[in-house]
Amino acid sequence: MNIPSSTVAEAIASANRDRAGALIGYLPAGYPDIDTSIEAAVALAENGIDVIELGLPYSDPVMDGPVIQEATQTALAAGFRLRNGFEVMAAITARVSIPVVFMSYWNPIVQYGVERFADDIVAAGGAGLITPDLIPDEAASWIAASDRAGLDRIFLAAPSSTPERLAQAVETSRGFVYAVSTMGITGARLDVDSAAKSLVARLRASGATSTCVGLGISSADQVREVLAYADGAIVGSALVKALTTGGVSAVAETAAALSAGTRL
Amino acid sequence: MSLRDELGPYFGEYGGRFVPESLIKALDELDAEYTAAKTDPVFQAELTALHATYTGRPSIITEVPRFARHAGGARILLKREDLNHTGSHKINNVLGQALLARRLGKTRLIAETGAGQHGVATATAAALFGMECVVYMGEVDTERQALNVARMRLLGAEVIPVTAGSRTLKDAINEALRDWVANVDTTHYLLGTVAGPHPFPVMVRDFHKIIGEEAREQVLALTGRLPDAVTACVGGGSNAMGIFHAFLDDADVRLVGFEAAGEGVDTPRHAATITMGRPGVLHGARSYLLQDEDGQTVESHSISAGLDYPGVGPEHSWLADIGRASYRPVTDSEAMDALRLMATTEGIIVAIETAHALAGVLRLGEELGPDSVILVNLSGRGDKDMVTIGNYFGVIDREAEQV
């Protein structure tokens, strides 16, 4: 990993110097509409979130649970286009100082053009990309494009991953490695799996210096628990649910409440 | 190099593994177990015995001269996979994978199903092997294939109607993948077609290639020569790969797949993936795909639940690109007319999926002429479709139905 060139890794490192660790917040672009999705993301930055993960709605999101599925399908039904994702990204980065990365399934990127996608992330002020259904083995074109464009690329590591695959995830990721807390899909859970702790330890043993845990985290207590051993905690469904039920103000309140878990 | 030797994970530029990292270990374990089983005489003997005593293999071939009169007089031979236990070719793959699942120590089988034939076959294997079974089926399909839902439930499977997206086969696969990610320790995802991440396209093809191997010998024995064309319907493409495979290196044998054209390929309501799609990634593999400019999957349409899928197996995409196989569209109405013609001329009621191949053969026979021999994979029987067929032709007596 090339830490010095990564704005995401630097934001996470900074949060670990000042607080218990970093809090990464996910929201889908274009949900419930373009303008509200921009305001909601800005609210994250104003309420203790260190890195924004901006989801690009996709027709077949196999890593997502019902809350995020419903939000992203609503955005698509309302006419969301990939180009709107870059508009949302640019509008957010113009107003916040924290890094913003996309989360996208692979086919939309392939159809957009991998090199063009990288260039347009840069143009929109974005920092990189999380790829839930792209493993490093299949990612040669994205690794080349992100190297050229200087973008962070975040691959996933799972409790079931072999030591060789964890080493590959660490070697190929830049910014952080996304440690999947449990064997499952996105969505709030009462308990964050104990598998997360041992996965983070195994990633560190493989040389990871920036590891964030996602899937199932929805409370300040869970954030605190995760940050005791990881560099960052990723929250998604809880924020999307807040946006659905209470709008931007509820997102702001939820983010602020979650960020209490980052206090030392 | 022989076209029959393709082992994946790639067929040309198609195939691969575009799945969450959480599934890679299970795919690697499956790949290793399958590779070992291929050369393990114990596994092969188990599968052969099951096919002989349970599936009912070899399936026969039937010549259909009265039907063939409407196809330019070509000789038409049906490979009768409809006569297998559970009523379609699907059982070939299911028994193979269920044996692998047992060797892997899995106790739970999950499956997607469109027409319900693969779900019924999986529920059957789960009952036979004493395993738990959950079948995901699009809500639209649970309605149009209600008989198969009842069969699966009687066999002890839980059928979960999927209400997301287009509520058809594509969404059932999404839901099965989500289940598998969460339960991969105990669960085998018994994928029902030659699509999905490696090793599924290769493994499912191999479990079905017995169809073509038997048929090749049977046609030689009956006619003294190889057929001029080998044909099948193509949704995901498992029955087509099964019958094509033995003929891949017979350069003079034309391989023709018939895709569902729904209301027509000039309308948005079709499922003709190779005819109208372009390469993309869906359900773990790169292949032809019906998609919009942004790479969002486009909803497919077909009167046949089993062909109502916007993707296709990667090996078919490769065979199309290199010109070894050709793929042609057949509309809902052409398929239904061929279904009725087969019933009234030969006394065989076929599945609506299979009827697409019959409709295609009616035209192909005209092209190839009266001296030609055409082999068709009769992939399934039509019992499950009687409500749809009845409504389509108005042959159900309303009063009798109410009684």
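Here a biologist and a modeller talk through a predicted model with chains A and B.

Biologist: Let's start with chain A. What makes it as compact as a globular protein of its length?

Modeller: Good place to begin! Chain A has 11 helices and nine strands. Its radius of gyration is 16 Å, close to the 18 Å that the globule rule gives for 264 residues, so chain A is as compact as a globular protein of that length. Along its principal axes, the C-alpha trace spans about 45 × 40 × 30 Å.

Biologist: What share of the residues of chain A count as buried?

Modeller: That would be 62% of the 264 residues. A residue earns the word "buried" if 20 or more other C-beta atoms lie within 10 Å of its own.

Biologist: Now the contact between the chains. How many residues does each chain give?

Modeller: Chain A gives 31 residues and chain B gives 27. On the side of chain A, helix 5 gives the most, with five residues. By class, that side has 17 nonpolar, eight polar and six charged residues.

Biologist: And in chain B, how do you know that helix 4 and helix 9 meet?

Modeller: Residues are in contact if their C-beta atoms lie within 7 Å. In helix 4 of chain B, B:Asn92, B:Asn93, B:Gly96 and B:Gln97 meet B:Val204, B:Phe207 and B:His208 of helix 9. This contact has two nonpolar, five polar and no charged residues. The helices pack at an angle of about 115 degrees, with their axes 8 Å apart.

Biologist: Is their crossing left-handed or right-handed?

Modeller: The crossing of helix 4 and helix 9 of chain B is right-handed.

How values were computed
Residues are numbered from 1 along each chain as its sequence is written. Chains are lettered from A and ligands numbered from 1 in the order in which they are written. This is a predicted model: local features need pLDDT of at least 70, side-chain atom pairs count only at pLDDT 80 or more; totals for chains, interfaces and linings use all residues. Axes are lines fitted to C-alpha atoms, for helices over the stretch in contact, and angles run from 0 to 180 degrees between N-to-C directions. Helices (H or I, at least four residues) and strands (E, at least two) are DSSP runs, numbered from the N terminus. A crossing is left-handed if the near helix is turned anticlockwise from the far one by less than a right angle, and right-handed if clockwise. Two residues are in contact if their C-beta atoms, placed from the backbone, lie within 7 Å. Ala, Val, Leu, Ile, Met, Phe, Trp, Tyr, Cys and Pro count as nonpolar, Asp, Glu, Lys and Arg as charged, and the others, Gly among them, as polar. The radius of gyration is taken over C-alpha atoms; the globule rule is 2.2 Å times the number of residues to the power 0.38. A residue is buried if 20 or more other C-beta atoms lie within 10 Å of its own, exposed if 12 or fewer, and partly exposed in between; C-beta atoms are placed from the backbone.
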